[in-house]
There are 4 protein chains.
Amino acid sequence: MSDKLFGTSGIRGGIRDKVNTDLGMSLGRALGTTLKGTGKVGIGTDARTSRVMLKNAFTAGLLSTGIDIIDLGFTPMPAVASHSTFDDIDVSVIITASHNPPGDNGFKFFKEGREFIRSEEASLENAITNGEFVIADWSSIGEISKYDIYETYMNHALKFLEVRGSKGDNMSVLVDLANGAAVPYTPSLLTRLNFSVTTINAHPDGYFPGRFAEPSPQNLEDTMQIAKNSDFALTICHDGDGDRLAVIDEEGKFIDQNRIIALFARDEIRRKGEGLVVVSIDTSSVIDEVVKAEGGQVIRAPLGSLQEVFSKRAKEVVFSSEPWKPIFSDLGWWMDGIVGAARLAQMVHEEGNSSCLELMKSIPEYPMLREHIKCPDKYKSQFMSNIREIIENEITNIDQVIDVDGIRVERTDGSYVLIRVSGTEPKARVYIGAKNESTLEKLANHAREIMKSSLDKALES
Amino acid sequence: MSDKLFGTSGIRGGIRDKVNTDLGMSLGRALGTTLKGTGKVGIGTDARTSRVMLKNAFTAGLLSTGIDIIDLGFTPMPAVASHSTFDDIDVSVIITASHNPPGDNGFKFFKEGREFIRSEEASLENAITNGEFVIADWSSIGEISKYDIYETYMNHALKFLEVRGSKGDNMSVLVDLANGAAVPYTPSLLTRLNFSVTTINAHPDGYFPGRFAEPSPQNLEDTMQIAKNSDFALTICHDGDGDRLAVIDEEGKFIDQNRIIALFARDEIRRKGEGLVVVSIDTSSVIDEVVKAEGGQVIRAPLGSLQEVFSKRAKEVVFSSEPWKPIFSDLGWWMDGIVGAARLAQMVHEEGNSSCLELMKSIPEYPMLREHIKCPDKYKSQFMSNIREIIENEITNIDQVIDVDGIRVERTDGSYVLIRVSGTEPKARVYIGAKNESTLEKLANHAREIMKSSLDKALES
Amino acid sequence: MSDKLFGTSGIRGGIRDKVNTDLGMSLGRALGTTLKGTGKVGIGTDARTSRVMLKNAFTAGLLSTGIDIIDLGFTPMPAVASHSTFDDIDVSVIITASHNPPGDNGFKFFKEGREFIRSEEASLENAITNGEFVIADWSSIGEISKYDIYETYMNHALKFLEVRGSKGDNMSVLVDLANGAAVPYTPSLLTRLNFSVTTINAHPDGYFPGRFAEPSPQNLEDTMQIAKNSDFALTICHDGDGDRLAVIDEEGKFIDQNRIIALFARDEIRRKGEGLVVVSIDTSSVIDEVVKAEGGQVIRAPLGSLQEVFSKRAKEVVFSSEPWKPIFSDLGWWMDGIVGAARLAQMVHEEGNSSCLELMKSIPEYPMLREHIKCPDKYKSQFMSNIREIIENEITNIDQVIDVDGIRVERTDGSYVLIRVSGTEPKARVYIGAKNESTLEKLANHAREIMKSSLDKALES
Amino acid sequence: MSDKLFGTSGIRGGIRDKVNTDLGMSLGRALGTTLKGTGKVGIGTDARTSRVMLKNAFTAGLLSTGIDIIDLGFTPMPAVASHSTFDDIDVSVIITASHNPPGDNGFKFFKEGREFIRSEEASLENAITNGEFVIADWSSIGEISKYDIYETYMNHALKFLEVRGSKGDNMSVLVDLANGAAVPYTPSLLTRLNFSVTTINAHPDGYFPGRFAEPSPQNLEDTMQIAKNSDFALTICHDGDGDRLAVIDEEGKFIDQNRIIALFARDEIRRKGEGLVVVSIDTSSVIDEVVKAEGGQVIRAPLGSLQEVFSKRAKEVVFSSEPWKPIFSDLGWWMDGIVGAARLAQMVHEEGNSSCLELMKSIPEYPMLREHIKCPDKYKSQFMSNIREIIENEITNIDQVIDVDGIRVERTDGSYVLIRVSGTEPKARVYIGAKNESTLEKLANHAREIMKSSLDKALES
């Protein structure tokens, strides 16, 4: 079992079947064992009802190996991640299932500000599989202390923001906090920057009574309605642990995440005049267009693997992002929806003249499409192999082909096709983008044919 | 100065000029002195920026007299008031300025669940004026402990509610918390009763960034807009300390407080079949109509003085209220917007078939009017004396005249006129209600004439 | 394994081999399962280095079943036991290994003030053996709150003490706290009774740097030396969790526990004029002599099983004790070295004229003897069967024979012989007491012969 | 009044007459005013019963000016002082009256690790005299956070100690903690260095039940008795706040403070090969002898004024001390009895072969004498002026005369006479030291004559 523990974003699952107290305690022992029973580990949680139970199990396991624990309490993911950059901290962990349903929970590990890379995850998995854990002698069992990282994180965030923008002149911002861990953070950060903040779903509650934690357009219908009918320059929506940031403009329209990524990327590249932007494979080419115009360069990484790049090319990377999850290199190597919210508010105020719509006009909006077909797990490998074989012959005007996670074909006119199989469902997905509807249409038809014939061949074999 | 400390609702004022650390420490000494330097006092605060400063000053004063302190932390007024009913607690105090601006603060004192009556307030004022305080010896200085009243209050509230209504079947409720002290209370109470809660302005913040703390229609425009455009069966709005409750229906309409009072009063009288309802002088006759129909009786008390009645006729009183501030005798002698919110949600669900509008149809809505004229302080006494002289001759079909606070003339057709001078501003106010517009109109014209001639005579004298 | 979990005083063992995080979590699940996943459990700990680790594991297990937890923190055994008498508390648990070495730890369970009886222990053992635990749904996982029982316990203790004795007039008392959990309790209780307290080994420390935690004469040599050379009317010594009480007089002499038991028993019986005193099988007949003289009755129970008697004859029992561990029925059904210390100080002051020696003169001091022979586990049963067969024929002038735990023969002259096999070591033990040395000598020789021949016969068979 | 606030060691006095809540609040306002209403101040306290009362008053005053507060809780003086060296801390304050009686309390201020110098004290006095305090606006009132400095201080201390000595091999140390603020610190520091620690008077108690807080031979009779009759290599005694260190050897003998100062000074000078040692005027010449032999230099400063030297010659000073209060420059500019205790234990272990007596043999022990005569306040000035006039003529073989605080005449044979008037009592004091009894005798007779004649002349004038 343990070799499948980690998904694309830490460990997640139901608290009865997978992420239960047994796993919690084993993970504590495993982490303590990989640290050889010495060092300090920070632990934070979001608002889920299982947070204290899992924290206790995880803590017991860690202490038994000799690790000291810093209890960070109820704290959003960006703040927990920032804790792992402290001099005397080896690893910081947040117990969260991000935007999953309330009956799930999970663990996410950070080192020096970034998520664990695959080799570190594998060490934990191996330790659990082997079941041979370090056990401390009575005189070297770990101890617990508490630390409230709030002020340290806020000051760090403010320093980052204050060199980038000015005060908000009471520009009105609505923040939908998903009853999650960003509650005391985002509103206060915006207030300190002189924005006028109204909050919604701002009482922490593990039942997520206001809405589902994922900040998708479907879950944000109420909030979009409010944004439309009220008078906020900008509406920000988080998920349960504060790494994600969804944006709604003053007319109540949900803004595509690729354009938000492009906006942040442009902002950071402009400040440096050059640099690398790392984005996940499923993002659109609007990012490339905007970044290149400012002198930067874009590379794409597999989903859930941006941190593999940081661990090798840290000096070059200026900004990175998965959809909804911006990472500002000058701030630290973690996804930060909280600072993202504040930086966006600054830009709306200064560059958009207090209009989100106005600001976003500077980022092009191109047609995109995302579909899937059924693809049983056992045919996935053959299916992708078939795709690989034919796609380069079938698609014209190819600029480059990226095969780090599925196959992404980028064309000279800025259009692209990404075909990949899902890691968790029996599906194959296609992502297509183009500068106009007709190109999109053609590319889509072509991609559908390619997928169909690849699948047919796979089923026959 | 000290003889003017208390207004109609405790002590309030600017934190630089009036409610400063000097006053805080003096009040602590004065309270400790009236308690003869022995006993226990609970202290809670709302979210204002001056809360910790004043709590420290007040605490230092109390400890110096020998009083032990129970620090209740950030806690809404109803919970602080309920603390004063504990066996070993002498007095509980909340540091709040309720709905005043953020630069104000204040003190409100509770004993056995009710606000201090005038004679208790006078004792404090006298102690400060005299300046002779009890000073404890080093071996009998007071000590501080902390107590989290949350669970105790919640269980007490749930017991009250569970005999009155059933669970909410996920009926959707919006709660606007004014960034105040009810934050962890009202949403959680509703959630425990199985309502589905969305919150707005739910992060505690002494800057009150979302809206002014007073839940008046002017301050609630945004919230009314949201209520109108979303799909909540009921919208509840608090002030900063949770004693107040304003109600917006599913069409976004602000519901007149007199009808809410009538609704609660009817509900409690129905359960007993009889009893006394005490309301403030400025409430409308719809309450009388509804209460009498159920076999109850209504009496009116001066503004800010309901507690004087409780201290004498506790056994008869079933329900009481000032506008926005319901007091449920079975719960305790304090104003409780939190329990009020939950009870209202129950009624909307059960009696209104999950429609606030539907529920409120059972409470008549009559025309009302409230006006004021200028009346300099020095003429107020003569003005009221003139009013008293002429009003009974001028107005016909009088049922009764109440003169506990201004003059209120109640007519046999249910219409009424109340004329009183403001305690804080150079104004004379008139409140008029009637069952139809034409009666209201006539009565209003008549009242204006009476006021004008009374004022003219006063100015001449 | 699990059927041997409990010993004579809860569960104890090394933290690596037996009382580790696995056992902690299993115990939590087992307790929660016997409680059917609903209710409240209090948890306290002594100062051992493994306390937090085990508390976390135990807590995780309990929460996972749906049980709510009251964290009592660092708290002595008597206070934890008293917590289990609270109305809304089902069980309270202390994590302690009492006087065992620092590398051990353990669990002791209390219900309604008394230790778990055997049937309750068996339920836990069965639950662990079966391995089928209640698992709560995400919406009913338990929650944790904190409670500081200090003041409640102190007030309860003071009420008990104040009806029994007066204030201490600064009589000087030395308290050796074994760096354990009684630290804030005994000194403060004595101080509130106006004794002048000097403390030794009074900083809580899981390393027990001052001395081993067992308050035996061997471990108390330093303290006895201090008592001898200083000017304290009384010296009290605790073990690590405060259920035990050893006494040293003003000349530095360690006082035999049987005489302390007799003193407390006489005191309680005197107050009632009658009643039952329950003591463990290994106590001497001085208790019977003193108790009978005051109109009371003594019964003996197996070691570690006094609570079985309380669960049946609660109304009759006035006082009970194992060596070092007094139980005052008017206080509660737990062993309480803290209240014992304070009550003893009162008696030294009032009845002994501030001299411990003087007070103890009223309790006779008779010769006693305790020996053992080797007896391999597999012969124990046959050995005891042989003893049973011959002892009543060999020993003369028998008053009564008690066989609840080994064989205890009581003679008409007040002398007695108890022969029993150890529950934990390959030994058979004999305890002998008499009113003079010559009787003791004869009885000892006789007993040695009986044991030798019984063992010889057992080895042959 | 305010111009006499500060004595030689901060502010101290009775809590009813001088150091009351009024003074506490005024001091808070004054400190906040000198800091211009911006910055951070740390506050710690010892165990006195008035600690919370005064902390609340002081806190209220500081917050009202806009200062943020770090509440350090119950913390010894050295740890509070070390807090003032943190980057973002302006001043740290301990509320303590050191070794004064329990009905007293006081305030001591630290900046960059050292006590306030006279000019900083004067600023506070002036602010109180003027009564014009900064008052913050509601939006800039200060806030409180908590900080537990324990681990930070302990690590800082361990770093200092680990370069100076090795582990303690379980050498046995007795620590008498005076029921004061060093309780969790000194025992734990010694334990971490592998000493075996027994504690006495180790439960924090503002009543100081064990002994008076001043670690003078008179107050330590019990402890000396225990040290004599037990088997500790070393006995350390603190005062109430942990800046002081008294030493008792394994035979129960109190060791003269001058020899302890000489021991520490030699140790530090040896490490550097040179440097300045600053001691108070009342210390003996054994320090000079020992320090010069190692290549160092000694200067003397007025009582309570060592910090004036640090503020000017920080780079040269290697070690300084008043009696009982060592200051290690490599550690920080504060008096530290805790680190002193640990360093001394290291030296006893390594240099004394686990014998305090053995270690102290390397520091000479010379006869000394300290006397006083009555000298009414109004004659003090004239008395000292007379002394100044005659002393240099009367005493032979003068090496140097020091007149920074009284007149100290040092002779070429190492003997000395210091004559000074008390700052708090109507007394003139003489301190005499010599290398043998006969010189001491002669010098004493001579000094008595000089004082008598100077006083006679003063009374006549």
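1. Contact here means heavy atoms within 4.5 Å, and by that rule no contact joins chain A and chain D, whose closest C-alpha atoms lie 9 Å apart. Chain B and chain C likewise do not touch, their nearest C-alpha atoms being 9 Å apart.

2. The model is a predicted one, in which local features need pLDDT of at least 70 and side-chain atom pairs count only at pLDDT 80 or more, while totals for chains, interfaces and linings use all residues. Residues are numbered from 1 along each chain as its sequence is written, chains are lettered from A and ligands numbered from 1 in the order in which they are written, and side-chain values use heavy atoms, with hydrogens and water left out.

3. Chain C is superposed on chain A (by least squares on the C-alpha atoms of residues with pLDDT of at least 70 in both) by a rotation of 179° with 0.0 Å of shift along its axis, at an RMSD of 0.1 Å. That is the relation of a two-fold axis, and in chain C the C-alpha nearest the axis belongs to C:Asn56, 2.3 Å from it.

4. In the interface of these two chains, 29 residues of chain C are in contact with 29 residues of chain A. Because 100% of the interface residues of chain C are also interface residues in chain A, the copies meet through the same surface.

5. Chain C and chain A bury about 2,400 Å² between them, 65% of it on carbon and sulfur atoms; buried area is the accessible area (1.4 Å probe) that two parts lose on being put together, summed over both. On the chain C side, C:Arg16, C:Asn56 and C:Trp138 lose the most area to chain A, together 26% of what that side buries.

6. Two salt bridges are counted between chain C and chain A, a salt bridge being a side-chain nitrogen of Lys or Arg within 4 Å of a carboxyl oxygen of Asp or Glu. The side chains of C:Asp22 and A:Arg29 form a salt bridge, with N to O at 3.1 Å.

7. Turning to chain B, 21 of its residues are in contact with 21 residues of chain A, and the area buried between these chains is about 1,600 Å², of which carbon and sulfur atoms give 54%. B:Thr199, B:His203 and B:Asn229 supply 27% of the area that chain B buries against chain A, more than any other three residues. The count between chain B and chain A is zero salt bridges.
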